[in-house]
Amino acid sequence: MGQSEPVLVPEVSQSRIEVRQGFTGADLLLYGAVIDPRGPNGARDFDIAVVLKGPAEPIRLREKERIAGVWMNAGSNDFRSAPSFFAIASSSPIEEVVDPLTAAIYELGTEFIQLSPTGQIEPEEQARFSRGLVDMRERLGLYQEDPQGVRISEGVLYQARIALPSNVTTGQYTAETFAIADGRVLASATAEIEVVKVGLEGTVVYASQEWSLFYGLGAIALSLGMGWIAGQAFAKL
């Protein structure tokens, strides 16, 4: 990046979000400054876009079709890597500040999410499943767009708020901020946010990941024990 390019200094209100029992979501504030080396006399007007992405995960999407009055699975498509959460907030609508190719390169919108489908599938069918996945997660609040979600003060300071719903996936989240001018992304910077389960749920998740064998054996033993207790109870009736 040349000396005339801007510098982004991003911050987040919470670098760690704890998911406890009864978690109803969180309001995340992403803010910072964009510094133009040209100084106040030669400073440019920047647009800011903030993209928050959750951990990627594989997913199988099934398509249902009504056959003889009954809804049945008619097809499916696997995605190797789809973000569990995706939100973009910008100071102006993305289509007004960059062209579609630039938006696709930087994933500046839900229609530009790189979903990585697997297997052989026709392009039109792939596009239909991709739109279906995005639409489904938009309705769940997991994919979001806010074309007026970034406020810029004095041409230097910016802030955006992104709501995390209660059904978010735990893991490492990445908040990437872009400074845009003259149809180009001139600078970007990244901040990390960790979403973790705590309390009893967190202990169970940790045990299942770190001691998977003992966790599995314990689950089997618990199931057998509950089955035996239920059998004894019904035998006395």
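Start your tour by selecting Y106, which at 33% relative accessibility counts as partly exposed. Keep in mind as you go that this is a predicted model.

**Stop 1: Y106 and its ring partner**

Y106 sits in helix 3 (residues 100–106). Add F178 to the selection: with Y106 it makes an edge-to-face aromatic pair, 5.4 Å centre to centre and with 65 degrees between the planes. Since Y106 belongs to helix 3 and F178 to strand 11, the pair ties together parts that are 72 residues apart in sequence. Is F178 buried or exposed? F178 is buried, with a relative accessible area of 1%.

**Stop 2: another aromatic pair**

The structure holds three aromatic pairs. For one of them, select F85 and Y173: their ring centres are 6.1 Å apart and the planes stand at 50 degrees, so this pair is tilted. F85 is found in the loop between strand 6 and strand 7, and Y173 in strand 11 (residues 171–181), so the contact ties together parts that lie 88 residues apart in sequence. Both F85 and Y173 are buried.

**Stop 3: S84**

Now step to S84, which is in the loop between strand 6 (70–83) and strand 7 (86–90). Is S84 buried or exposed? With 2% relative accessibility, S84 counts as buried. Show the side chain of S84 and look for P55: the backbone oxygen of P55 lies 2.8 Å from a polar atom of that side chain. Setting aside residues up to four places away in sequence, S84 touches G54, P55, E57, R137, L142, Y143, T169 and Y173. Y173 is the residue you met as the ring partner of F85.

**Stop 4: the nonpolar core**

Next, select L52, F85 and L108. Of the 56 residues in the largest nonpolar core, these three touch the most other members. Strand 12 (residues 184–197) gives this core its largest share, seven residues.

Zoom in on L108 and display what surrounds it. Leaving out neighbours within four places in sequence, L108 is in contact with A49, V51, I88, I94, V98, A103, F178 and I180. F178 is familiar from the pair with Y106.

**Stop 5: the six-stranded sheet**

Switch to a cartoon view for an open sheet of six strands, in the order 2-12-11-4-7-8 and with mixed pairing. Which strands stand at the edges? Strand 2 (16–19) and strand 8 (143–146) do; each has a single partner strand, so one side of each is left without a neighbour in the sheet. From one strand to the next, the twist averages 15 degrees.

At the strand 8 end, strand 7 and strand 8 pair in the parallel sense over four bridges. To see a bridge, select I88, whose partner in strand 8 is E145. I88 is also among the contacts of L108.

**Stop 6: the four-stranded sheet**

Move on to an open sheet of four strands, ordered 1-3-10-9 with antiparallel pairing. Strand 1 (7–12) and strand 9 (150–153) are at its edges, each with a single partner strand, so one side of each has no neighbour in the sheet. Neighbouring strands here are turned by 20 degrees against each other on average, direction ignored.

Focus on strand 1 and strand 3 (residues 26–35), which pair in the antiparallel sense over six bridges. Select P10 and you will find G32 of strand 3 opposite. For V12, the bridge partner in strand 3 is L30.

Now turn on the side chains of strand 1. In a regular strand, side chains alternate between the two faces of the sheet. Here L8, P10 and V12 point to one face and are buried, while V7, V9 and E11 point to the other and are not buried.

**Stop 7: L61**

Finish at L61, in strand 5 (residues 56–67). L61 has a relative accessible area of 10% and is buried. Draw a C-alpha to C-alpha distance to F79: these two residues are 18 apart in sequence and 7.9 Å apart in space. Which residues is L61 in contact with, leaving aside its neighbours within four places in sequence? They are G75, S76, N77, F79, F129, G132, L133 and M136.

Terms used:
Residues numbered from 1 in each chain as written. Predicted model: local features only at pLDDT ≥ 70, side-chain atom pairs only at ≥ 80, totals over all residues. Heavy atoms only, no water. Pairing = 2+ DSSP bridges. Helix = DSSP H or I, 4+ residues; strand = E, 2+ residues; numbered from the N terminus. Axes fitted to C-alpha atoms, helices over the stretch in contact; angles between N-to-C directions. Buried < 20%, exposed > 50% of the residue type's maximum accessible area, 1.4 Å probe, protein only. Polar contact = N/O pair within 3.5 Å; in protein donor to acceptor, adjacent residues only side chain to side chain. Contact = heavy atoms within 4.5 Å. Phe/Tyr/Trp six-rings, centres within 6.5 Å; stacked < 30°, edge-to-face > 60°. Core = buried A, V, L, I, M, F, W, Y, C linked by side-chain atoms within 4.5 Å.
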